[in-house]
Amino acid sequence: MPNRQHRNFAIAELGTNGKITLHNDGEKPITVSVNTTGYFTTALDQGQNTSTIVPGRLAAGVTIPANGEHVLSLLGKAGLPAARPSAVGLAITASGSGAGAITVNSSGVIEARAEALSYEADIPVTTFMTPRVGCDGVVILRNTGEQPVTVDVDAYAYFGDAAPPSAAPSGVAGDIEKTTGTADLADDVTSDPVHVEIASCTDDLGTSTTSIPNDGSKPVAVTTLHGAVSIGMPASGAATASEAGTAVFNGDDAGYSAAVQPTDDGGFRALVHIEDASAPTSFDFPVTMPEGMVMVLNDDGSVGFDWKAEEMDAYFPPTEEADDPVDPQADFSEEIGPAPEANEGEEAPSSQIISDTLPVPVIKAPWARDATGRTWPSKYSVNGSTLTLMVDLTPVQTSDQDATLVEPTFPVVADPQVQPRGPMRGRRSVCTFKSETDRPHESTWKDPKTGKVGGPEASAHGWWENINCPNNLRADVTVWLEELLPNGTWIKAGTVDKKRLASKKEGGGRATGRARCNKRWNTTWRSFVDVDIVGYADTPGTNMKEHTFPCRW
């Protein structure tokens, strides 16, 4: 329309010259602005094809509370494929009574949290993002504002190869794949002398692997960074695998077969194929878990895993104090000036990582469907380390005037599905770390590569210490300096340094804030360090130290 601004989004493939062409089909000249919000690369695991779709709504009018989160499942919804793509194109609209920002993080993808969408009070704002997709196909929207915000999310495109078509099998595997579909089955499957299928999913939080045995009497194992869960099947005999990946076994009793499908999130579906009314309707799955873990039946019918209270310390072991100090040459240059110790009596504040999820499996709520697609009641019971699936195939009367008696049309397929990562139940996992900085000081430096000497300058270092969190974490450590002016005003001075570092005990280096000394006047300086653990929601806060010495920026 004339004299009005419009905003739209497009996914465009670059030509060989690295350019795209914009064509105006109107009869009048127009003025355009073009912003880029992301890109797809052939280096991503899931393929090299960009697919645009009819925009589909993933979230409509969802209210996210102040400093709250909303978890959004992507796979198989709003035109997105059930098979995990490498990345998706999302349009996000936010409106609220206050100002703030919406940040977007994909579960299982470690990236510095960036403001995806800044919004102002009572002004709807829309932006476009291309987040990568982790193994569980979930993105997390977080409202950083102090007031609730309402969001709409639409899917526009995805990046990844479509799964190649496979021949439709007959028999048990055919019945099962007709019921479950095959779009979310793992497509990169290997085997070894013991396992008929081995499938993995890797993202920034690690690798989840499902191993399906050749022998139905052996358990199926799903292994993550923090241990393995093995689930025995009500099965026997040797496996027969379909082209799409459904491994079929004989049942322990007559009247049913068992099957396993590896899924592309690194988990699997364990299925029973009930052939007729003479078959059993209760099936036991013995579960082996890491020591100190228990199964818990959730209100939604799923089964989660929790740690016994006395075993929390086993998962979050206390870290011993490192014998060696932080390497003074861990940043880019060698400091050759004095570096005073931290102010006497000062203690770095402890921060907490607070997370509702841990990379341990969850067993989704069961379902059972007959050959016509009709759903029949199913549920779990948990008795120690045994999970029991119960399917109710009692004939039911329809609610219409005829009150027809409906019996199941066999075969009936029932499914416990194991996802390698899921929410912890009952308690939140809490661990602590410290953000550390030395006090500002005068220093000179020498580049070890060139021998160049610089300074004098004000400098301070920042690092972090792992108190009782899991090993192998990384943190974005940001250090900056502030200078006190004669009028009593604090200003940021010099350069801000941000590095992604391991903890002190694990050999992580330091980030260094620097400001050149332009005058040799006595000045008060402050050093700040902000530590953000990558992939976790940690509490905010900085550590600060203050010192006076003859240096003016």
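**Exercise 1. With which residue does Glu465 form a salt bridge, and how far apart are the closest N and O atoms?**

Solution. In this predicted model, the partner of Glu465 is Lys504, and the closest N and O atoms are 3.8 Å apart. The next step is to place both residues along the chain: Glu465 lies in strand β35 (residues 453–466) and Lys504 in the loop between β37 (490–501) and β38 (511–516), so the pair ties together parts that are 39 residues apart in sequence. As for exposure, Glu465 has a relative accessibility of 14%, and because buried means under 20%, Glu465 counts as buried.

**Exercise 2. Place the salt bridge between Glu69 and Arg142 in the structure, and classify the exposure of Glu69.**

Solution. Begin with the distance, which is 3.6 Å between the closest N and O atoms of Glu69 and Arg142. Glu69 belongs to strand β2 (residues 69–73) and Arg142 to strand β7 (residues 138–143), so this salt bridge connects parts that are 73 residues apart in sequence. Glu69, at 37% relative accessibility, counts as partly exposed.

**Exercise 3. Describe the salt bridge between Glu482 and Arg526, and then name a network of salt bridges.**

Solution. The side chains of Glu482 and Arg526 meet at 2.6 Å, N to O. Distant parts of the chain are linked in this way, since Glu482 is in strand β36 (residues 475–484) and Arg526 in strand β39 (residues 519–533), 44 residues apart. Both Glu482 and Arg526 are buried. Arg57, Asp152 and Asp154, in turn, are joined into one network by salt bridges that share partners. In total, the structure holds 11 salt bridges.

**Exercise 4. Work out how strand β27 is paired with β18 and with β26.**

Solution. Take β18 (residues 282–288) as the starting strand: five bridges join β18 to β27 (residues 386–391), and the two run antiparallel. Within this pairing, Asp284 has Thr388 as its bridge partner. Then turn to β26 (residues 378–383), which is joined to β27 by six bridges, again in an antiparallel arrangement, with Ser378 partnered by Val391. β26 and β27 form a hairpin with two residues between them, and Gly384 in the turn has a positive phi of about 65°.

**Exercise 5. Is helix α1 mostly covered or mostly uncovered, and what covers its buried residues?**

Solution. Helix α1 (residues 171–180) is mostly covered, with seven of its 10 residues buried, namely Val172, Ala173, Gly174, Ile176, Glu177, Thr179 and Thr180. The cover over these buried residues includes β15 (247–251), β16 (256–262), β17 (268–274), β25 (367–369) and β30 (412–415). Finally, α1 is followed by Gly181, whose phi is positive, near 75°.

Definitions and conventions
Residues numbered from 1 in each chain as written. Predicted model: local features only at pLDDT ≥ 70, side-chain atom pairs only at ≥ 80, totals over all residues. Heavy atoms only, no water. Buried < 20%, exposed > 50% of the residue type's maximum accessible area, 1.4 Å probe, protein only. Helix = DSSP H or I, 4+ residues; strand = E, 2+ residues; numbered from the N terminus. Contact = heavy atoms within 4.5 Å. Pairing = 2+ DSSP bridges. Salt bridge = Lys/Arg side-chain N within 4 Å of Asp/Glu carboxyl O.
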